[in-house]
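Here are some notes on the model, set down point by point. They cover a few local features and one helix pair.

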Amino acid sequence: MSEQENPTERHPSPAFPDQSQRPPGDTEEMAPRPDHGEDSYRGSGRLGERRALITGGDSGIGRAVALAFAREGADVAFTHLGAEEHEADETIRLVTEAGRRAVAVRCDIREEEACRRLANSTVAELGGVDVLVNNAAYQMSQPESIEGISTEQFDRVMRTNLYGMFWLTKMLLPHIPSGGSIINTTSVQGYNPSPHLLDYAMTKGAIITFTQGLAAHLAPRGVRVNAVAPGPVWTPLIPATMPDTTGFGGKSPLGRPAQPAEMAPAYVFLASQEASYVTAEILNATGGSPLP
């Protein structure tokens with residue numbers, strides 16, 4: 001029997017060192033360093049020979065999901081931005097050390113043609129796609145809420161969080177077989193929006209609606225569509241987009257933010273055969289904050 005741990009004490013709690021970074025942020029510069037499951041995740045063949053595409057797989061939740069999928073037996077393609085090349089190299093290392101194929105694709109999913117090239121290259125490299133994880137996202141805190149959100153920022157948030165998800169889902173659907181699945185990353189913000197993340201929260205609410213509507217549409221095809229709604233998670237997005245990280249996650253009932261490694265099992269479950277009767281579900285992983 002594995003050792004039971006008190007969840008309030010399993011990972012670091014605030015106060016954290018004061019730290020800020022330029023977007024998109026760097027894992028190596030974070031204190032404490034995020035845990036992606038490098039030393040803890042143990043696979044059991046639940047995704048044997050599956051082929052997965054994960055957007056934003058270079059760091060944070062995406063890296064943790066890529067690592068877990070690989071240790072469960074899946075080959076993994078993932079996207080990253082040009083500034084995240086060194087982060088992508090680490091994800092490649094983790095996937096290949098698990099004995100699976102890693103395909104890193106430099107791609108800005110805000111552009112439709114870039115998404116088309118990504119879809120085509122993923123199918124060519126992996127021979128198809130069984131699991132699509134729409135995870136890439138952008139946020140920028142604006143203390144003035146709507147008055148501080150420029151059209152440029154609003155457009156970037158919408159195109160990253162919604163357009164890319166829509167395009168890739170549409171483009172890859174012909175290649176996802178019966179038994180395949182689509183997993184989207186929404187957020188506690190989709191239900192309980194923070195004023196300083198207004199535009200980001202809008203997109204997370206839309207992802208919930210997209211997930212539930214698409215699930216009904218694809219159920220007859222045997223393709224399941226679900227989402228994970230994390231609460232606060234310690235990723236490079238936080239020091240790169242939030243003005244104060246010292247107390248991050250401290251207001252959750254568990255008293256701390258999640259580590260990316262704590263999110264990955266939810267994605268594994270939703271991609272696996274164990275979830276064969278689960279579709280249109282929003283799996284909440286909020287550290288105790290109740291959601292609908």
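**Notes on the predicted model**

1. Apart from residues up to four places away in sequence, Gln21 touches Asp26, Glu29, Met30, Pro239 and Ala240. The model is a predicted one, and this contact list should be read as such. Gln21 itself belongs to the segment before β1 (51-54).

2. Is Gln21 buried or exposed? Its relative accessible area is 12%, and the cut-off for buried is under 20%, so Gln21 counts as buried. The side chain of Gln21 also reaches the backbone nitrogen of Asp26, at 2.5 Å. Asp26 is thus named twice for Gln21, once among the residues it touches and once through this backbone nitrogen.

3. A pair for orientation: Gln21 and Leu126 are separated by 105 residues in sequence, and their C-alpha atoms lie 35 Å apart in space.

4. Two cis peptide bonds should be checked by eye. One runs from Pro23 to Pro24, with omega near 10°; Pro24 lies in the segment before β1. The other runs from Ala31 to Pro32, with omega near 0°, and Pro32 is likewise placed in the segment before β1. Gln21 is also assigned to that segment.

5. How do helix α1 and helix α2 pack? Helix α1 covers residues 60-71 and helix α2 residues 85-97; the angle between them is about 20° and their axes are 9 Å apart. Because angles under 35 degrees count as roughly parallel, α1 is roughly parallel to α2. The crossing in which α1 passes α2 is right-handed.

6. Which residues form the contact between these helices? From α1 come Arg63, Ala66, Leu67 and Ala70, and they meet Glu87, Glu90, Thr91, Leu94 and Val95 of α2. Sorted by class, the contact of α1 with α2 holds five nonpolar, one polar and three charged residues. Arg63 in α1 is one of the charged residues, and Thr91 in α2 is of the polar class.

7. Ser145 has a phi near 55°, which is a positive value in a residue other than glycine. Ser145 sits in the loop between β4 (131-134) and α4 (151-172). With a relative accessible area of 16%, Ser145 is buried.

8. Ala280 is not a glycine either, yet its phi is positive, at about 65°. Ala280 lies in the loop between α7 (260-271) and β7 (282-285). Its relative accessibility is 30%, so Ala280 counts as partly exposed, whereas Ser145 is buried.

9. Gln139 is found in the loop between β4 and α4, the loop that also holds Ser145. At 4% relative accessibility, Gln139 counts as buried.

10. What does the side chain of Gln139 contact? A polar contact of 2.9 Å links the side chain of Gln139 to the side chain of Thr241. With neighbours within four places in sequence left aside, Gln139 is in contact with Leu197, Tyr200, Leu237, Ile238, Thr241 and Met242. Thr241 therefore appears both in this contact list and as the polar partner of Gln139, given that a polar contact is a pair of N or O atoms within 3.5 Å.

Terms used
Residues numbered from 1 in each chain as written. Predicted model: local features only at pLDDT ≥ 70, side-chain atom pairs only at ≥ 80, totals over all residues. Heavy atoms only, no water. Helix = DSSP H or I, 4+ residues; strand = E, 2+ residues; numbered from the N terminus. Buried < 20%, exposed > 50% of the residue type's maximum accessible area, 1.4 Å probe, protein only. Contact = heavy atoms within 4.5 Å. Polar contact = N/O pair within 3.5 Å; in protein donor to acceptor, adjacent residues only side chain to side chain. Axes fitted to C-alpha atoms, helices over the stretch in contact; angles between N-to-C directions. Parallel < 35°, antiparallel > 145°, perpendicular 65-115°, else oblique. Left-handed = near helix turned anticlockwise from the far one by under 90°.
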